[in-house]
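Welcome to a short set of exercises, each followed by a worked solution. Have your viewer ready and try each task before reading on.

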Amino acid sequence: MIYDMEFETLPREALSAIQLRRLQATIQRVYATVPFYRQKFDESGVKPGDIRSLEDLKRLPFTTKQDLRDNYPFGMFAVPMDNVVRIHASSGTTGKPTVVGYTARDITTWASMMARSLAAGGAWQDDIIHNAYGYGLFTGGLGVHYGAEKLGASVIPVSGGNTKRQIVIMKDFGPTILTATPSYTLHLAEVATEMGVDFRNLNFKFGIFGAEPWSERMREEIERKTGMVAVDIYGLSEVMGPGVAIECHEAKKGLHIFEDHFIAEIINPATGEVLPEGETGELVFTTITKEAFPVIRYRTRDITSLNSEPCICGRTLTRMNKISGRTDDMLIIRGVNVFPSQIESVLMEMDEVEPHYQLFVDRKGNLDTLTINVELGEKAFSDEVKVLQDISQKISKNIKDYLGVSAKVKLVEPKAITRSEGKAVRVIDNRKI
Ligand code: DLL
(Lines give C-alpha, C1' and ligand atoms only; values in the text may rest on other atoms or scores of the structure.)
Protein backbone atom coordinates (compact mmCIF):
# COMPACT_ATOMS: atom_id res chain seq x y z
CA MET A 1 0.00 0.00 0.00
CA ILE A 2 1.60 3.26 -1.02
CA TYR A 3 -0.62 5.50 1.07
CA ASP A 4 -2.81 5.31 4.12
CA MET A 5 -6.15 4.73 2.42
CA GLU A 6 -7.28 2.30 5.13
CA PHE A 7 -8.14 5.29 7.32
CA GLU A 8 -10.95 6.23 4.97
CA THR A 9 -13.36 3.45 5.92
CA LEU A 10 -12.74 3.10 9.67
CA PRO A 11 -15.69 2.81 12.03
CA ARG A 12 -16.25 6.11 13.87
CA GLU A 13 -14.99 4.84 17.25
CA ALA A 14 -11.67 3.76 15.77
CA LEU A 15 -11.26 7.05 13.91
CA SER A 16 -12.13 9.07 17.02
CA ALA A 17 -9.57 7.17 19.06
CA ILE A 18 -6.87 8.00 16.51
CA GLN A 19 -7.99 11.63 16.41
CA LEU A 20 -7.87 11.99 20.17
CA ARG A 21 -4.37 10.51 20.44
CA ARG A 22 -3.09 12.76 17.67
CA LEU A 23 -4.88 15.82 19.05
CA GLN A 24 -3.40 15.35 22.51
CA ALA A 25 0.10 15.00 21.08
CA THR A 26 -0.37 18.13 18.95
CA ILE A 27 -1.65 20.20 21.87
CA GLN A 28 1.28 19.10 24.07
CA ARG A 29 3.71 20.00 21.31
CA VAL A 30 2.37 23.43 20.40
CA TYR A 31 2.18 24.34 24.09
CA ALA A 32 5.84 23.44 24.46
CA THR A 33 7.15 24.98 21.25
CA VAL A 34 5.00 27.93 20.09
CA PRO A 35 4.91 30.90 22.52
CA PHE A 36 1.69 32.16 20.87
CA TYR A 37 -0.23 28.99 21.79
CA ARG A 38 1.28 28.75 25.27
CA GLN A 39 0.15 32.28 26.03
CA LYS A 40 -3.33 31.82 24.52
CA PHE A 41 -3.91 28.53 26.38
CA ASP A 42 -2.65 30.03 29.66
CA GLU A 43 -4.96 33.03 29.22
CA SER A 44 -7.96 30.77 28.79
CA GLY A 45 -6.91 28.61 31.72
CA VAL A 46 -6.60 25.35 29.79
CA LYS A 47 -3.58 23.09 30.21
CA PRO A 48 -2.69 20.46 27.58
CA GLY A 49 -3.53 17.74 30.15
CA ASP A 50 -7.13 19.02 30.28
CA ILE A 51 -7.80 17.73 26.76
CA ARG A 52 -9.17 14.29 27.66
CA SER A 53 -11.79 13.87 24.97
CA LEU A 54 -12.53 15.28 21.51
CA GLU A 55 -15.28 17.33 23.17
CA ASP A 56 -12.60 19.18 25.15
CA LEU A 57 -11.30 20.76 21.93
CA LYS A 58 -14.09 23.32 22.39
CA ARG A 59 -12.34 24.66 25.46
CA LEU A 60 -9.36 25.89 23.46
CA PRO A 61 -9.23 29.38 21.96
CA PHE A 62 -9.58 30.04 18.23
CA THR A 63 -6.70 31.03 15.96
CA THR A 64 -7.39 33.72 13.35
CA LYS A 65 -5.72 34.98 10.21
CA GLN A 66 -4.80 38.10 12.21
CA ASP A 67 -2.88 35.92 14.70
CA LEU A 68 -0.85 34.51 11.79
CA ARG A 69 -0.20 38.03 10.49
CA ASP A 70 0.89 39.20 13.95
CA ASN A 71 3.46 36.43 14.00
CA TYR A 72 4.70 37.06 10.45
CA PRO A 73 6.70 35.44 8.96
CA PHE A 74 7.81 32.40 11.00
CA GLY A 75 6.52 33.07 14.54
CA MET A 76 3.97 30.24 14.50
CA PHE A 77 6.41 27.54 13.39
CA ALA A 78 6.65 24.67 15.88
CA VAL A 79 10.06 23.41 14.73
CA PRO A 80 13.45 25.09 14.27
CA MET A 81 14.13 26.41 10.76
CA ASP A 82 16.68 23.70 10.06
CA ASN A 83 13.80 21.20 10.08
CA VAL A 84 11.74 23.24 7.62
CA VAL A 85 12.17 22.06 4.02
CA ARG A 86 9.47 24.11 2.22
CA ILE A 87 7.76 27.46 2.58
CA HIS A 88 4.51 28.55 0.91
CA ALA A 89 2.56 31.77 1.28
CA SER A 90 -0.95 32.83 0.43
CA SER A 91 -1.12 36.25 -1.14
CA GLY A 92 -4.29 37.60 0.46
CA THR A 93 -5.89 40.71 -0.92
CA THR A 94 -5.03 42.93 2.01
CA GLY A 95 -2.09 43.14 4.37
CA LYS A 96 0.78 40.77 4.72
CA PRO A 97 0.72 37.28 3.21
CA THR A 98 0.27 34.24 5.43
CA VAL A 99 3.46 32.20 5.55
CA VAL A 100 3.40 28.45 6.18
CA GLY A 101 6.19 25.88 6.56
CA TYR A 102 6.57 22.13 6.12
CA THR A 103 9.02 19.55 7.48
CA ALA A 104 10.12 16.65 5.29
CA ARG A 105 7.49 14.52 7.02
CA ASP A 106 4.81 17.16 6.42
CA ILE A 107 5.59 17.04 2.70
CA THR A 108 5.25 13.23 2.74
CA THR A 109 1.95 13.44 4.62
CA TRP A 110 0.63 16.07 2.23
CA ALA A 111 1.65 13.99 -0.80
CA SER A 112 -0.24 11.01 0.68
CA MET A 113 -3.33 13.08 1.27
CA MET A 114 -3.18 14.51 -2.22
CA ALA A 115 -2.71 10.99 -3.64
CA ARG A 116 -5.82 9.93 -1.71
CA SER A 117 -7.65 13.03 -2.95
CA LEU A 118 -6.77 12.35 -6.58
CA ALA A 119 -7.85 8.73 -6.19
CA ALA A 120 -11.18 9.82 -4.67
CA GLY A 121 -11.60 12.25 -7.57
CA GLY A 122 -11.22 9.48 -10.16
CA ALA A 123 -7.46 9.37 -10.86
CA TRP A 124 -5.27 6.27 -10.78
CA GLN A 125 -1.74 5.13 -11.64
CA ASP A 126 -2.36 4.83 -15.35
CA ASP A 127 -3.68 8.39 -15.62
CA ILE A 128 -1.91 11.41 -17.11
CA ILE A 129 -2.60 14.47 -14.99
CA HIS A 130 -2.52 17.88 -16.68
CA ASN A 131 -1.79 20.10 -13.68
CA ALA A 132 -2.75 23.68 -14.50
CA TYR A 133 -2.75 24.97 -10.92
CA GLY A 134 -0.09 27.64 -10.50
CA TYR A 135 3.35 26.47 -9.31
CA GLY A 136 5.07 28.76 -6.84
CA LEU A 137 4.17 30.16 -3.45
CA PHE A 138 0.55 29.10 -4.10
CA THR A 139 0.04 25.57 -2.77
CA GLY A 140 -2.07 24.34 -5.72
CA GLY A 141 0.63 23.43 -8.24
CA LEU A 142 3.18 21.69 -6.02
CA GLY A 143 0.49 20.16 -3.80
CA VAL A 144 -1.17 18.35 -6.69
CA HIS A 145 2.21 17.55 -8.24
CA TYR A 146 3.59 15.61 -5.27
CA GLY A 147 0.28 13.79 -4.81
CA ALA A 148 0.15 12.79 -8.47
CA GLU A 149 3.68 11.36 -8.28
CA LYS A 150 2.88 9.56 -5.03
CA LEU A 151 -0.16 8.01 -6.69
CA GLY A 152 2.08 6.81 -9.48
CA ALA A 153 0.27 8.80 -12.17
CA SER A 154 2.16 10.76 -14.84
CA VAL A 155 2.03 14.46 -14.12
CA ILE A 156 2.43 17.26 -16.66
CA PRO A 157 3.61 20.26 -14.58
CA VAL A 158 2.19 22.86 -16.94
CA SER A 159 1.09 25.44 -14.29
CA GLY A 160 -1.24 28.34 -15.21
CA GLY A 161 -0.89 30.53 -18.31
CA ASN A 162 0.40 30.00 -21.86
CA THR A 163 -3.10 28.83 -22.60
CA LYS A 164 -2.68 28.05 -26.30
CA ARG A 165 0.32 25.88 -25.59
CA GLN A 166 -1.74 24.04 -22.97
CA ILE A 167 -4.31 23.13 -25.62
CA VAL A 168 -1.60 21.78 -27.92
CA ILE A 169 -0.23 19.67 -25.04
CA MET A 170 -3.72 18.37 -24.29
CA LYS A 171 -4.14 17.34 -27.92
CA ASP A 172 -0.71 15.77 -28.26
CA PHE A 173 -0.14 14.13 -24.84
CA GLY A 174 -3.74 13.04 -24.25
CA PRO A 175 -4.01 13.76 -20.50
CA THR A 176 -6.94 12.04 -18.79
CA ILE A 177 -7.28 14.21 -15.67
CA LEU A 178 -7.35 18.02 -15.52
CA THR A 179 -6.48 19.85 -12.31
CA ALA A 180 -7.18 23.60 -12.43
CA THR A 181 -9.40 26.29 -10.97
CA PRO A 182 -12.97 26.16 -12.34
CA SER A 183 -12.58 29.65 -13.84
CA TYR A 184 -9.36 28.76 -15.65
CA THR A 185 -11.01 25.59 -16.94
CA LEU A 186 -13.69 27.69 -18.63
CA HIS A 187 -10.96 29.80 -20.18
CA LEU A 188 -9.13 26.69 -21.41
CA ALA A 189 -12.36 25.45 -23.03
CA GLU A 190 -12.91 28.80 -24.67
CA VAL A 191 -9.38 28.99 -26.11
CA ALA A 192 -9.68 25.40 -27.32
CA THR A 193 -12.80 26.39 -29.28
CA GLU A 194 -10.96 29.36 -30.80
CA MET A 195 -8.24 26.97 -31.92
CA GLY A 196 -10.80 24.64 -33.49
CA VAL A 197 -10.38 21.99 -30.79
CA ASP A 198 -13.49 20.51 -29.21
CA PHE A 199 -12.64 19.89 -25.57
CA ARG A 200 -15.17 17.08 -25.49
CA ASN A 201 -13.11 15.13 -28.00
CA LEU A 202 -9.96 15.28 -25.88
CA ASN A 203 -9.00 12.34 -23.66
CA PHE A 204 -10.15 13.79 -20.32
CA LYS A 205 -12.30 11.77 -17.94
CA PHE A 206 -12.23 13.75 -14.71
CA GLY A 207 -11.52 17.33 -13.70
CA ILE A 208 -10.48 18.08 -10.12
CA PHE A 209 -11.40 21.69 -9.56
CA GLY A 210 -11.09 23.99 -6.57
CA ALA A 211 -9.23 26.87 -4.89
CA GLU A 212 -12.23 29.17 -5.44
CA PRO A 213 -15.98 28.99 -4.87
CA TRP A 214 -18.07 27.59 -7.72
CA SER A 215 -21.76 26.83 -7.80
CA GLU A 216 -23.54 23.61 -8.81
CA ARG A 217 -24.66 25.49 -11.90
CA MET A 218 -21.05 26.22 -12.76
CA ARG A 219 -20.30 22.51 -12.41
CA GLU A 220 -23.03 21.68 -14.94
CA GLU A 221 -21.70 24.32 -17.32
CA ILE A 222 -18.14 22.99 -17.06
CA GLU A 223 -19.26 19.39 -17.53
CA ARG A 224 -21.31 20.37 -20.57
CA LYS A 225 -18.49 22.37 -22.14
CA THR A 226 -15.64 19.97 -21.41
CA GLY A 227 -17.33 16.56 -21.42
CA MET A 228 -15.57 15.54 -18.19
CA VAL A 229 -16.88 14.71 -14.75
CA ALA A 230 -16.15 17.70 -12.49
CA VAL A 231 -15.17 17.03 -8.88
CA ASP A 232 -14.71 19.65 -6.15
CA ILE A 233 -11.46 19.80 -4.12
CA TYR A 234 -10.96 22.05 -1.11
CA GLY A 235 -7.98 23.18 0.91
CA LEU A 236 -6.18 26.18 2.30
CA SER A 237 -2.53 27.00 2.84
CA GLU A 238 -2.90 27.55 6.58
CA VAL A 239 -4.20 24.01 7.08
CA MET A 240 -1.96 22.41 4.41
CA GLY A 241 -2.98 23.29 0.85
CA PRO A 242 -5.17 21.29 -1.55
CA GLY A 243 -6.24 17.89 -0.25
CA VAL A 244 -7.96 18.81 3.01
CA ALA A 245 -11.27 17.59 1.58
CA ILE A 246 -12.54 16.27 -1.74
CA GLU A 247 -15.69 14.90 -3.31
CA CYS A 248 -15.65 11.28 -4.32
CA HIS A 249 -16.38 10.89 -8.02
CA GLU A 250 -19.01 8.25 -7.19
CA ALA A 251 -21.36 10.61 -5.33
CA LYS A 252 -20.11 14.14 -6.14
CA LYS A 253 -22.12 15.27 -3.16
CA GLY A 254 -20.16 16.85 -0.36
CA LEU A 255 -16.40 16.77 0.20
CA HIS A 256 -14.94 14.04 2.42
CA ILE A 257 -12.64 15.57 5.03
CA PHE A 258 -9.43 13.69 5.76
CA GLU A 259 -10.29 13.35 9.41
CA ASP A 260 -7.27 11.24 10.27
CA HIS A 261 -5.32 14.51 9.80
CA PHE A 262 -7.80 17.31 10.48
CA ILE A 263 -10.65 17.89 12.91
CA ALA A 264 -13.43 20.08 11.52
CA GLU A 265 -15.97 22.09 13.51
CA ILE A 266 -18.72 24.46 12.42
CA ILE A 267 -19.24 27.57 14.51
CA ASN A 268 -21.56 30.52 14.60
CA PRO A 269 -19.21 33.21 13.25
CA ALA A 270 -20.75 35.89 15.44
CA THR A 271 -20.64 34.08 18.80
CA GLY A 272 -18.03 31.35 18.34
CA GLU A 273 -20.52 28.74 19.58
CA VAL A 274 -20.05 25.24 18.08
CA LEU A 275 -23.07 24.32 15.96
CA PRO A 276 -24.63 20.86 15.71
CA GLU A 277 -24.15 18.74 12.59
CA GLY A 278 -26.15 19.95 9.62
CA GLU A 279 -26.20 23.61 10.61
CA THR A 280 -24.45 26.14 8.42
CA GLY A 281 -21.67 28.30 9.79
CA GLU A 282 -17.94 29.00 9.65
CA LEU A 283 -15.60 26.08 9.15
CA VAL A 284 -12.85 25.70 11.77
CA PHE A 285 -9.91 23.30 11.46
CA THR A 286 -7.43 21.78 13.87
CA THR A 287 -4.49 19.92 12.33
CA ILE A 288 -3.46 16.78 14.22
CA THR A 289 -0.44 15.48 12.31
CA LYS A 290 1.41 18.56 11.08
CA GLU A 291 4.89 19.21 12.45
CA ALA A 292 6.14 22.60 11.21
CA PHE A 293 2.91 24.56 11.17
CA PRO A 294 0.14 23.04 13.28
CA VAL A 295 -3.00 25.16 13.69
CA ILE A 296 -5.45 24.89 16.55
CA ARG A 297 -9.09 25.80 15.88
CA TYR A 298 -8.20 27.91 12.85
CA ARG A 299 -11.10 30.03 11.63
CA THR A 300 -11.19 29.60 7.86
CA ARG A 301 -13.99 32.15 7.20
CA ASP A 302 -15.42 29.61 4.75
CA ILE A 303 -19.12 28.86 5.12
CA THR A 304 -20.50 25.34 4.95
CA SER A 305 -22.16 22.56 6.97
CA LEU A 306 -21.13 19.00 7.87
CA ASN A 307 -22.83 15.72 7.10
CA SER A 308 -21.78 12.31 8.41
CA GLU A 309 -24.43 10.23 6.63
CA PRO A 310 -22.96 7.12 4.98
CA CYS A 311 -21.72 7.71 1.43
CA ILE A 312 -22.15 5.37 -1.54
CA CYS A 313 -18.36 5.30 -2.02
CA GLY A 314 -17.91 3.50 1.31
CA ARG A 315 -15.80 6.20 2.97
CA THR A 316 -16.81 6.86 6.55
CA LEU A 317 -15.19 10.30 6.51
CA THR A 318 -17.54 13.19 7.29
CA ARG A 319 -18.47 15.36 4.33
CA MET A 320 -18.63 19.14 4.16
CA ASN A 321 -21.06 20.67 1.72
CA LYS A 322 -19.83 22.83 -1.14
CA ILE A 323 -18.54 26.14 0.25
CA SER A 324 -21.31 28.68 -0.20
CA GLY A 325 -19.17 31.75 0.47
CA ARG A 326 -16.80 33.36 2.90
CA THR A 327 -17.78 35.37 5.93
CA ASP A 328 -15.75 38.25 4.48
CA ASP A 329 -17.25 37.84 0.98
CA MET A 330 -20.83 38.34 2.03
CA LEU A 331 -22.33 41.44 0.47
CA ILE A 332 -24.96 43.34 2.36
CA ILE A 333 -26.94 45.22 -0.23
CA ARG A 334 -29.53 47.45 1.39
CA GLY A 335 -29.79 45.08 4.30
CA VAL A 336 -30.05 41.88 2.27
CA ASN A 337 -27.24 39.37 2.67
CA VAL A 338 -26.03 37.85 -0.55
CA PHE A 339 -23.05 35.73 -1.56
CA PRO A 340 -21.41 35.97 -4.99
CA SER A 341 -22.07 32.23 -5.50
CA GLN A 342 -25.83 32.85 -5.23
CA ILE A 343 -25.63 35.47 -7.96
CA GLU A 344 -23.57 33.04 -10.02
CA SER A 345 -26.32 30.42 -9.69
CA VAL A 346 -28.97 32.83 -10.97
CA LEU A 347 -26.80 33.94 -13.91
CA MET A 348 -26.01 30.35 -14.85
CA GLU A 349 -29.73 29.60 -15.18
CA MET A 350 -29.88 31.88 -18.19
CA ASP A 351 -28.95 30.77 -21.69
CA GLU A 352 -28.26 34.30 -22.92
CA VAL A 353 -25.18 34.87 -20.75
CA GLU A 354 -21.79 33.24 -20.28
CA PRO A 355 -20.32 32.17 -16.93
CA HIS A 356 -18.05 35.22 -16.89
CA TYR A 357 -19.14 37.97 -14.56
CA GLN A 358 -17.92 40.54 -12.05
CA LEU A 359 -19.71 42.22 -9.18
CA PHE A 360 -19.02 45.85 -8.32
CA VAL A 361 -20.13 47.09 -4.94
CA ASP A 362 -20.24 50.83 -4.33
CA ARG A 363 -21.59 53.12 -1.68
CA LYS A 364 -23.78 56.03 -2.70
CA GLY A 365 -24.58 58.13 0.37
CA ASN A 366 -25.53 55.56 2.98
CA LEU A 367 -26.68 52.94 0.51
CA ASP A 368 -24.71 50.08 -0.95
CA THR A 369 -25.28 49.45 -4.62
CA LEU A 370 -24.52 46.38 -6.70
CA THR A 371 -23.63 46.41 -10.39
CA ILE A 372 -23.24 43.12 -12.21
CA ASN A 373 -21.14 43.04 -15.35
CA VAL A 374 -21.97 39.90 -17.26
CA GLU A 375 -20.92 38.68 -20.66
CA LEU A 376 -23.40 37.96 -23.38
CA GLY A 377 -23.11 34.67 -25.18
CA GLU A 378 -22.14 34.80 -28.88
CA LYS A 379 -25.65 33.75 -29.87
CA ALA A 380 -27.44 36.36 -27.80
CA PHE A 381 -25.05 39.11 -28.86
CA SER A 382 -26.94 41.78 -30.74
CA ASP A 383 -26.68 45.39 -31.86
CA GLU A 384 -30.31 46.00 -31.11
CA VAL A 385 -30.77 48.12 -28.02
CA LYS A 386 -34.22 46.67 -27.32
CA VAL A 387 -32.92 43.08 -27.29
CA LEU A 388 -30.14 44.02 -24.89
CA GLN A 389 -32.49 45.93 -22.63
CA ASP A 390 -34.82 42.95 -22.43
CA ILE A 391 -31.99 40.62 -21.44
CA SER A 392 -30.65 42.92 -18.74
CA GLN A 393 -34.12 43.48 -17.34
CA LYS A 394 -34.70 39.75 -17.23
CA ILE A 395 -31.45 39.24 -15.27
CA SER A 396 -32.32 42.05 -12.82
CA LYS A 397 -35.75 40.57 -12.29
CA ASN A 398 -34.39 37.07 -11.67
CA ILE A 399 -31.84 38.42 -9.17
CA LYS A 400 -34.58 40.35 -7.40
CA ASP A 401 -37.00 37.39 -7.41
CA TYR A 402 -34.51 34.77 -6.21
CA LEU A 403 -32.25 36.79 -3.92
CA GLY A 404 -34.28 39.85 -3.00
CA VAL A 405 -31.63 42.37 -3.96
CA SER A 406 -31.79 45.08 -6.58
CA ALA A 407 -28.86 45.08 -8.94
CA LYS A 408 -27.93 47.10 -11.97
CA VAL A 409 -26.97 44.79 -14.82
CA LYS A 410 -24.44 45.79 -17.44
CA LEU A 411 -24.16 43.46 -20.40
CA VAL A 412 -20.71 43.36 -21.90
CA GLU A 413 -19.45 41.91 -25.18
CA PRO A 414 -18.24 38.31 -25.36
CA LYS A 415 -14.65 38.04 -23.96
CA ALA A 416 -14.75 41.55 -22.41
CA ILE A 417 -14.13 40.31 -18.87
CA THR A 418 -10.51 39.50 -18.08
CA ARG A 419 -9.92 35.75 -17.90
CA SER A 420 -8.16 34.32 -14.86
CA GLU A 421 -5.27 31.89 -14.98
CA GLY A 422 -5.78 31.01 -11.32
CA LYS A 423 -8.36 32.28 -8.89
CA ALA A 424 -10.94 34.52 -10.55
CA VAL A 425 -11.55 37.99 -9.13
CA ARG A 426 -15.35 38.10 -8.94
CA VAL A 427 -16.00 40.95 -6.53
CA ILE A 428 -14.67 44.47 -6.76
CA ASP A 429 -15.70 46.17 -3.57
CA ASN A 430 -15.15 49.89 -4.01
CA ARG A 431 -16.38 50.51 -0.46
CA LYS A 432 -13.13 49.14 0.91
CA ILE A 433 -10.87 51.39 -1.16
O1 DLL B 1 -6.61 27.53 -2.66
C2 DLL B 1 -5.54 25.52 -1.89
C3 DLL B 1 -6.12 24.78 -3.03
C4 DLL B 1 -5.39 24.62 -4.21
C5 DLL B 1 -7.36 24.17 -2.92
C6 DLL B 1 -5.90 23.90 -5.25
C7 DLL B 1 -7.89 23.43 -3.97
C8 DLL B 1 -7.16 23.30 -5.12
P9 DLL B 1 -5.31 29.22 -0.55
O10 DLL B 1 -4.73 29.92 -1.70
O11 DLL B 1 -4.70 29.39 0.79
O12 DLL B 1 -5.30 27.66 -0.79
O13 DLL B 1 -6.85 29.63 -0.49
C14 DLL B 1 -7.72 29.02 0.43
O15 DLL B 1 -9.60 29.31 -1.09
O16 DLL B 1 -10.12 29.33 2.45
C17 DLL B 1 -11.42 29.06 0.38
O18 DLL B 1 -11.94 30.35 0.66
C19 DLL B 1 -10.98 28.99 -1.07
N20 DLL B 1 -11.19 27.64 -1.59
C21 DLL B 1 -10.30 26.65 -1.75
N22 DLL B 1 -10.88 25.55 -2.30
C23 DLL B 1 -12.20 25.87 -2.47
C24 DLL B 1 -13.34 25.17 -2.97
C25 DLL B 1 -5.89 26.99 -1.85
N26 DLL B 1 -13.26 23.94 -3.43
C27 DLL B 1 -9.13 29.54 0.24
N28 DLL B 1 -14.53 25.84 -2.95
C29 DLL B 1 -10.12 28.82 1.13
C30 DLL B 1 -14.64 27.09 -2.48
C31 DLL B 1 -12.39 27.19 -2.00
N32 DLL B 1 -13.60 27.79 -2.03
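**Two backbone details**

P73 lies in the loop between α3 (65-70) and β1 (84-90); helices (H or I, at least four residues) and strands (E, at least two) are DSSP runs, numbered from the N terminus. The model is a predicted one, in which local features need pLDDT of at least 70 and side-chain atom pairs count only at pLDDT 80 or more, while totals for chains, interfaces and linings use all residues. Residues are numbered from 1 along each chain as its sequence is written, and side-chain values use heavy atoms, with hydrogens and water left out.

**Exercise 1.** Find the state of the peptide bond from Y72 to P73, and the sign of phi at R301.

*Solution.* Start with the loop: the bond from Y72 to P73 is cis, with omega near -10 degrees. Next, go to strand β12 (residues 298-304), where R301 sits. R301 is not a glycine, yet its phi is positive, about 75 degrees.

**Exercise 2.** Work out how α1 is oriented against α2, and which residues meet.

*Solution.* First, take the geometry: helix α1 (residues 12-33) packs on helix α2 (residues 35-43) at about 105 degrees, and their axes are 5 Å apart. Axes here are lines fitted to C-alpha atoms, for helices over the stretch in contact, and angles run from 0 to 180 degrees between N-to-C directions. Therefore α1 is roughly perpendicular to α2, a label that covers 65 to 115 degrees. Then list the contacts (heavy atoms within 4.5 Å): I27, V30, Y31, A32 and T33 of α1 meet P35, Y37, R38, F41 and D42 of α2. By class, this contact has seven nonpolar, one polar and two charged residues. Ala, Val, Leu, Ile, Met, Phe, Trp, Tyr, Cys and Pro count as nonpolar, Asp, Glu, Lys and Arg as charged, and the others, Gly among them, as polar.

**Exercise 3.** Repeat the analysis for α4 and α5.

*Solution.* Helix α4 (residues 104-120) and α5 pack at about 75 degrees, with axes 7 Å apart. The two are therefore roughly perpendicular to each other. Among the residues that meet are W110, M114 and L118 in α4 and V144, Y146 and L151 in α5. The contact divides into 11 nonpolar, five polar and one charged residue.

**Exercise 4.** Describe the shell around the ligand and its polar contacts.

*Solution.* Begin by counting: 21 residues surround the ligand (a heavy atom within 4 Å), and the closest are D232, I233, S237, D302 and K423. Next, assign elements: α5 (139-151) and β7 (229-236) each supply at least two shell residues, and β7 gives the largest share, five. The classes are nine nonpolar, six polar and six charged.

Now look for polar contacts (N or O pairs within 3.5 Å). A ligand oxygen is 2.6 Å from a side-chain N or O atom of D302, and a ligand oxygen is 3.0 Å from one of R326. A ligand nitrogen is 3.1 Å from a polar backbone atom of A211. Finally, the protein covers 93% of the 600 Å² of accessible area that the ligand has on its own (Shrake-Rupley method, 1.4 Å probe).

Methods
Polar contact = N/O pair within 3.5 Å; in protein donor to acceptor, adjacent residues only side chain to side chain. Parallel < 35°, antiparallel > 145°, perpendicular 65-115°, else oblique.
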